[in-house]
Amino acid sequence: MIPEIGLAALWLAAALAVLQMVSGAFALKAAEGAVNPLAIYARPAAVVQAFLAVLAFLMLLWSFAITDLSIKLVASNSHSMKPLLYKLTGTWGNHEGSMLLWVGVLALSGGLLAGFEKRLPERTMGATLAVQGFVALGFYAFLLLSSNPFERLPVPAAEGTGLNPLLQDIGLAIHPPTLYAGYVGLSVAFSLAMGALLTNQVNPSFARVLRPWVLGAWVLLTFGITAGSYWAYYELGWGGWWFWDPVENASLMPWLAATALMHSVSVLAARDALRTWTIMLGVLAFSMSMLGTFLVRSGVLTSVHAFAVDPERGAFILGLLGLYIGGAFTIFALRAGAVAEGKRFAIASREGALVFNNVMLSAILAIVLLGTLYPLLTEVFDVRVSVGPPYFNPAGAIFAIPMLLVMAVGPLLRWKSDKPARLQFELALIAALVIGVIALVSFFGQFPLLPLLGLGLAAALAVAAFLPLRGRNLARVPVATWGMVLAHFGIAVSLFGMACEGAFSQERLAAVAPGGTEQIGDFAVTLESVTPVAGPNWTAIEARLAVSRDGGEPVILNPQARNFWSPPQSTSESALLTRWDGQLYAVIGNQAEDGRWQIRVWWKPFVTFIWYGGLLIALGGILAIAGRVKVDVKRRAAVTKGAERRADVEALDVASPVPAE
Amino acid sequence: MKAKHQRLILVIIALVAIVGAGLLAAWSLRNQANYFYLPEQMASAPPEVGQAVRLGGMVKAGSIKTEADGVTVNFLVTGNTADAIPVRYSGILPDLFVENSGVVAEGSLGPDGVFLATNLLAKHDENYVPKELEGMGTDQAAKMAAETTVGLK
């Protein structure tokens, strides 16, 4: 019964998406200010649709929780003996379930937009909801026609096949949902951009409506990428934190576009400049989200992360992708000319710096996009290649370095036009820091170029992030400005972690007999014993490593090599020793014939700063949203108060005795 | 008039940067892309010594030998013909690295004709197989395909 309710809810939601689309489109036919009688259904349709789609997802969640083995999806992805948490997270650890989550979030954000956004003109809102309905409809069709999550088995399975052990991790509980919410949050930015373009409402008040959605999606993407990077780092046991894997790139590309969009929306809101550019980035950001979904879900790419491989579904998503992106860019090309030119600005101005960084972000996006798609392209000609760090790192850095330098200066510039001479002290300080740190570090040894540049830039950025606060009363600095400072500081922190990891990491690989000791950096690692252990659905061999720093009190680390029995698979569980200045990363390997065990240990100085930085960036975004909301609430309160006072005055006027003529 | 002018300049700058990025990408992709070789291809037309490439094939039965240090292994990779490429690798072997199983070795060819692997990709799990091995056209590939579709529809 439960899955049938879910399926019915999905069909109803699809029908409502049609209603929302048609009704929203009628709003366009209404004259300025008037309300078309058929346009009033769009908002309620979006809200009810959100309710139904979320209901469908909850039904699937319930089916996984009780391990209903009559459902094909549950039988092929779950197991009755699994811990409850992983039963629940298994809901989105597979193709159908994750697409249902995608669609659920899409409908939910559409519903929130329809329910709470009252600032936009009705025509723009109608057009926006029509576009949102159109996007949702395509994905409902995809779900219902080619990947029905609620399909029953003719005969219930006796037992489920289990969930990929790599996915049985707390990382899966948070990583995909946040990323999806980020991806799909950008769909609202897309719909709003199309709505504003169609009704010619590209102006600062539109930007203020758009901004929280972009900021919210961006915060979720930032958080999702950070969590995903850490998850891959400790779960895959390779000691790396970013692999330039296509699936990782699929999440990085929307982030790059969203970062550019977020900054250009701010320019539009504050200065009424960059109108068409903002619209284009809105289209681009969601296009990258859909491209990411296509890459991950279609299995066209070789990737250790792509767990579901199905080309037919890939063709379906590719069709949707072509329809939406092609349609959006066609409308953009037809309507962009009608958008009036925004306010102008000089090259040396805050807008100028933001435009420069927007272009640099787009260039990095192009580098990542081409590098990700290149193997697909060559495969058509039967040449098989893979593209990795030797391409991405230098090619990305060529654009990232100027971008980071401009980022250090940009927030110090004035809007509209500024004289660089005014910032002599700041410019000199930033240059001195970059050169000084690079010179200092090179004095101590030979390091690769990119980490060296990274260290110099990190130092300069960390200081430059706080320069906008110089000479201001800290108590009166707006919350949103603190958000910017924090996010920019987070970039410096993250960059510092990446550069340290790249420059100073040490690695030791050895076969060790029990009782033997290996030295790495300041650490002495002693293999005390290797014992078999068992968990709820796995068995493992576990090493007991005593790690002592500079002869200090030893700490015990327990890396494991696990064997899961449903599905049968082995994973390597790394053991981490976190100190304030870095992490010791230990993995146990196979046993050699003579009884020694392979141990691999890394000392990675300041590697944790990569993720601390990511969290700071996300926190900065949250502060920016909080700051905007605070200002908005204040303004609304002021408006209400003003209205009340006027009403009072009017009431008084009425009550006061009318002087006799 | 002047407004149009500024928009035009912005568009041109943006286009130059993006096209520049595209050209840079195209140029460095040709140099940095990591080509895939089957053992017979590597035997007949070997890549330059030191160039980063990938070698994919089957681990030959009985060929895995561990050196005295306990962490360096030598083995042979075979493809559809009798050609076998010797591979040396130092590190922890992937969990499913066994004889007669598929493997993709990332690394470069040494001057002595031994392929020095920096990373081995074996079947990472039940559902993952190095994509390159799908085109092998041997009974092993068919066997592997059967193995790798467990749990998939």
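Start with all of chain A and colour it by burial: buried residues make up 52% of its 661 residues. Keep in mind that you're looking at a predicted model.

Still with the whole chain selected, zoom out. Along the principal axes, the C-alpha atoms of chain A fill a box of roughly 115 × 75 × 60 Å. A compact globule of 661 residues would have a radius of gyration near 26 Å, and chain A has 28 Å, which agrees.

Now switch to cartoon view. Chain A has 17 helices and 11 strands. If you draw the contacts between residues at least 6 apart in sequence, 75% of them turn out to join residues at least 24 apart.

Next, select residues 122-146 of chain A, which is helix α6. This helix has 25 residues and runs 35 Å from its first C-alpha to its last, close to the 36 Å expected at 1.5 Å a residue. Is α6 of chain A enclosed or open? Of its 25 residues, 20 are buried, so the rest of the structure largely encloses it.

Then try two selections in different colours. Domain 1 of chain A takes in 420-504 + 611-627, while domain 2 covers 506-606. Put a marker at the C-alpha centre of each of these two domains of chain A, and the markers will sit 35 Å apart.

Last stop: colour by pLDDT. The mean for chain A is 86, and 94% of its residues reach 70 or more. Now pick residues 302-309 of chain A, where pLDDT stays under 50. The model has 22 contacts beyond four places in sequence for this stretch. Where pLDDT is low, don't read the predicted coordinates in detail.

Note on methods
Residues are numbered from 1 along each chain as its sequence is written. Chains are lettered from A and ligands numbered from 1 in the order in which they are written. This is a predicted model: local features need pLDDT of at least 70, side-chain atom pairs count only at pLDDT 80 or more; totals for chains, interfaces and linings use all residues. Domain bounds come from an automatic or database domain assignment. Helices (H or I, at least four residues) and strands (E, at least two) are DSSP runs, numbered from the N terminus. The expected span of a helix is 1.5 Å times one less than its number of residues. A residue is buried if 20 or more other C-beta atoms lie within 10 Å of its own, exposed if 12 or fewer, and partly exposed in between; C-beta atoms are placed from the backbone. pLDDT is the predictor's confidence in each residue, from 0 to 100. Two residues are in contact if their C-beta atoms, placed from the backbone, lie within 7 Å. The radius of gyration is taken over C-alpha atoms; the globule rule is 2.2 Å times the number of residues to the power 0.38.
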